[in-house]
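Dear colleague,

Please find below the structure for your files. My findings follow directly after it.

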Amino acid sequence: FHITAIRYLVGTLALLPLVLWREGLSVLRYEGRFASATLHGLIGMCGSPMLVFWGLAHTRPEHTAIIVSTQPVLTALAEWLVRGRRPARATLLCLLAAVLGAVTVITKWDLALVLSPGELKGDLLALGGAICWVSYTLSAERYPAWSSVKFTTLTLIPGTIATLCIVAWGDFNGWLVPPTPLQL
């Protein structure tokens, strides 16, 4: 959690001057889209990693790795179900091959690593995080007038603030343990 907060803070601080340099001060105007951009940032930039890491605390790392590796499949399925854009057959076959490849590399087909029903809570949390990320990436289409760097920056800012607040709240309540300088 702490590394994610640091990573997002560094990303925000690095991206902000870049987008200002490329597009000027007006890039920070949400153009009446503050609420929706904030919501998308909270879902993708905060909800996704928080749910994945919370899930990781309750399941095997192998499960989380497999679940996160299915994000391209989830994206293709979401495009198909929500927008009616059916992926080409070749795309579906490539996605299946990618998932099978990830499962092969991660588990070496040791079914004991795959079939662990006691870890369902963690798996569902990680899946929720993966779905949050898919939702975020699909939401970019709702901002056609924004460059990709503007969309990323204006959603990263609220996502980073929320992530920092969650980590601070977790530290304050003793739910999280800050890393030592050596761990950092």
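Threonine 38 is located in helix 2. With a relative accessibility of 15%, below the 20% limit, threonine 38 counts as buried. Its C-alpha atom is separated by 19 Å from that of alanine 14, and the two residues are 24 apart along the chain. Please bear in mind that this is a predicted model, and that the values in this message are computed from it.

Helix 2 spans residues 34–56 and also holds serine 48. Serine 48 is buried as well, because its relative accessibility is 7%. Beyond the neighbours within four places in sequence, the contacts of serine 48 are Ile43, Gly129, Cys132 and Trp133.

Ahead of helix 2, the loop that joins helix 1 (2–23) to helix 2 contains glutamate 31. Glutamate 31 has a phi near 55°, which is a positive value in a residue other than glycine.

As to the overall architecture, the protein consists of eight helices and zero strands. Read from the N terminus, the order of elements is accordingly α-α-α-α-α-α-α-α. Along the principal axes, the C-alpha atoms fill a box of roughly 55 × 45 × 25 Å. The protein has 184 residues, and 38% of them count as buried. If one takes the contacts between residues at least 6 apart in sequence, 82% join residues at least 24 apart.

Glutamine 71 belongs to helix 4, which covers residues 71–83. Its relative accessibility is 16%, so glutamine 71 counts as buried. Setting aside the neighbours within four places in sequence, glutamine 71 is in contact with Gly129, Ala130, Trp133 and Val134. Gly129 and Trp133 were also listed among the contacts of serine 48. From C-alpha to C-alpha, glutamine 71 and glutamate 119 are 20 Å apart in space, with their positions 48 residues apart in sequence.

I turn next to the aromatic residues. Nine aromatic pairs are found when the whole structure is searched. In one of them, tyrosine 136 and phenylalanine 151 are stacked, because their ring centres are 5.2 Å apart and their planes stand at 25°, under the 30 degrees required. Tyrosine 136 lies in helix 7 (residues 120–139) and phenylalanine 151 in helix 8, so this pair ties together parts that are 15 residues apart in sequence. Both partners are buried: tyrosine 136 has a relative accessibility of 4%, and phenylalanine 151 has a relative accessible area of 6%.

Which residues do the ring pairs link into a cluster? They are Tyr30, Phe34, Trp133, Tyr136, Tyr143, Trp146 and Phe151. One member of this cluster, tyrosine 143, also has a charged group over its ring: the charged end of arginine 33 sits there, 4.0 Å from the ring centre.

Helix 8 also includes threonine 152. Threonine 152 is partly exposed, because its relative accessible area of 28% falls between the limits of 20% and 50%. Apart from neighbours within four places in sequence, threonine 152 is in contact with Leu15, Met45 and Tyr136. The C-alpha atoms of threonine 152 and arginine 89 are separated by 31 Å, and these residues are 63 apart along the chain.

The last item is the largest pocket. The space in it comes to about 300 Å³. Its lining is made up of 13 residues, and those nearest the centre of the pocket are Phe1, Met50, Trp54, Ile166 and Leu176. Helix 2 and helix 8 (148–172) each supply at least two residues of the lining. Which element provides the largest share of the lining? Helix 2 does, with five residues. Sorted by class, the lining has 10 nonpolar and three polar residues, and no charged residues.

In short, helix 2 recurs across these findings: threonine 38 lies in it, serine 48 is found in it, and the largest share of the pocket lining comes from it. Helix 8 likewise appears more than once, with phenylalanine 151 in the stacked pair and at least two residues in the lining of the largest pocket.

With kind regards

Notes
Residues are numbered from 1 along each chain as its sequence is written. This is a predicted model: local features need pLDDT of at least 70, side-chain atom pairs count only at pLDDT 80 or more; totals for chains, interfaces and linings use all residues. Side-chain values use heavy atoms; hydrogens and water are left out. Helices (H or I, at least four residues) and strands (E, at least two) are DSSP runs, numbered from the N terminus. Buried means under 20% relative accessible area, exposed over 50%, partly exposed in between (1.4 Å probe, protein chains only). Contact means heavy atoms within 4.5 Å. On a 1 Å grid over the protein atoms alone, a cavity is a set of points where a 1.4 Å probe fits but cannot get out, and a pocket is an open set with protein on both sides within 12 Å along at least five of seven lines; lining residues have an atom within 4 Å of a point. Grid points are joined across faces, edges and corners, and a volume is the space filled by probe spheres set on the points. Ala, Val, Leu, Ile, Met, Phe, Trp, Tyr, Cys and Pro count as nonpolar, Asp, Glu, Lys and Arg as charged, and the others, Gly among them, as polar. Rings of Phe, Tyr and Trp (its six-membered ring) pair if their centres lie within 6.5 Å; planes under 30 degrees apart count as stacked, over 60 as edge-to-face and the rest as tilted. A charge sits over a ring if NZ of Lys or CZ of Arg is within 6 Å of the ring centre and within 35 degrees of the ring normal.
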